[in-house]
Amino acid sequence: MTDFPTISNIPKSANPSVENFKHSFYNELGLHKNTKYEVKFHNVPKPTGLGLDLLKDERIYQPEVVSFPGRTINFLSLPTAHSYPISVPKSLGYDFSLGMTFPLSLDAHELRFFEQWMNALVDPNGHFVKYYDDTIAGCKLELNLLDEQGTFKDPKTRTKIVFRSVFPAAIQPIDFSAGNVNQYSKISVLFKFYKYDIDPSKFK
């Protein structure tokens, strides 16, 4: 458990800014910086001839934006004697969608990677679907939230979010325009997954 300092024991030499106050108040843990993270893909299938060849090496990307899925509690509204209804939790509701936006390299490597991944799930010629256990069940996406130095070493300031049975469900349209001056192209991908786990204490 983190011992929160009182006003009296906050170092007097600290810069009296909001950011430094946050670091002092949260002791050694600090706050998460949402601009430092990396994404790793594991066991991504690729279309090869008649069968599938799972990629043994991991793919590491640095997306510009990650839209983390939300969750809700579904509830029942029950009437009472005073005519004011009460809300009773019924079940959990999940949004099994994960959005990511990547910079598009000059050779469109990112686009080809995700298109081949989708082709490994549904054959683009015969339009038949591959077996779930062969294509999706083993796929894993790791979202590593890095510390302030951009590293993944200190166990106090690192978090790993693992999405299991993940696959790209949609590639959003890519805009090409002569009016986009001093800009670069981006690709946005929507992923579907079975579940995710957040556990900063178990790492391999």
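Are F193 and Y196 buried or exposed? Both F193 and Y196 are buried; keep in mind that this is a predicted model. The close-ups below start with that pair.

**View A. The ring pair of F193 and Y196.** Counting aromatic pairs here gives 21. For F193 and Y196, the ring centres sit 6.0 Å apart and the planes meet at 65°, so this one goes down as edge-to-face; over 60 degrees is what that label takes.

**View B. A cluster of aromatic rings.** Ring pairs tie F41, Y61, F102, F113, F114, W117 and F191 together into a cluster. Among these, F113, F114 and W117 turn up again as buried residues of helix α2, so they get another look in the next view.

**View C. Helix α2, residues 109–121.** This helix has 13 residues and runs 19 Å from first C-alpha to last, close to the 18 Å expected at 1.5 Å a residue. Its buried residues are E110, F113, F114, W117, A120 and L121. Look down the axis of α2 and those buried residues fall within an arc of 115°, so they line one face of the helix. The general rule behind such a pattern: an α-helix has 3.6 residues a turn, so residues three or four places apart point the same way.

**View D. K40 and its contacts.** K40 belongs to strand β1, residues 37–42. Why does K40 count as buried? Its relative accessibility is 17%, and the cut-off for buried is under 20%. Leaving aside residues up to four places away in sequence, K40 touches E58, R59 and I60, along with K140, L141, E142 and N144.

Note on methods: Residues numbered from 1 in each chain as written. Predicted model: local features only at pLDDT ≥ 70, side-chain atom pairs only at ≥ 80, totals over all residues. Heavy atoms only, no water. Helix = DSSP H or I, 4+ residues; strand = E, 2+ residues; numbered from the N terminus. Expected span 1.5 Å × (residues − 1). Buried < 20%, exposed > 50% of the residue type's maximum accessible area, 1.4 Å probe, protein only. Arc of directions from axis to C-beta. Contact = heavy atoms within 4.5 Å. Phe/Tyr/Trp six-rings, centres within 6.5 Å; stacked < 30°, edge-to-face > 60°.
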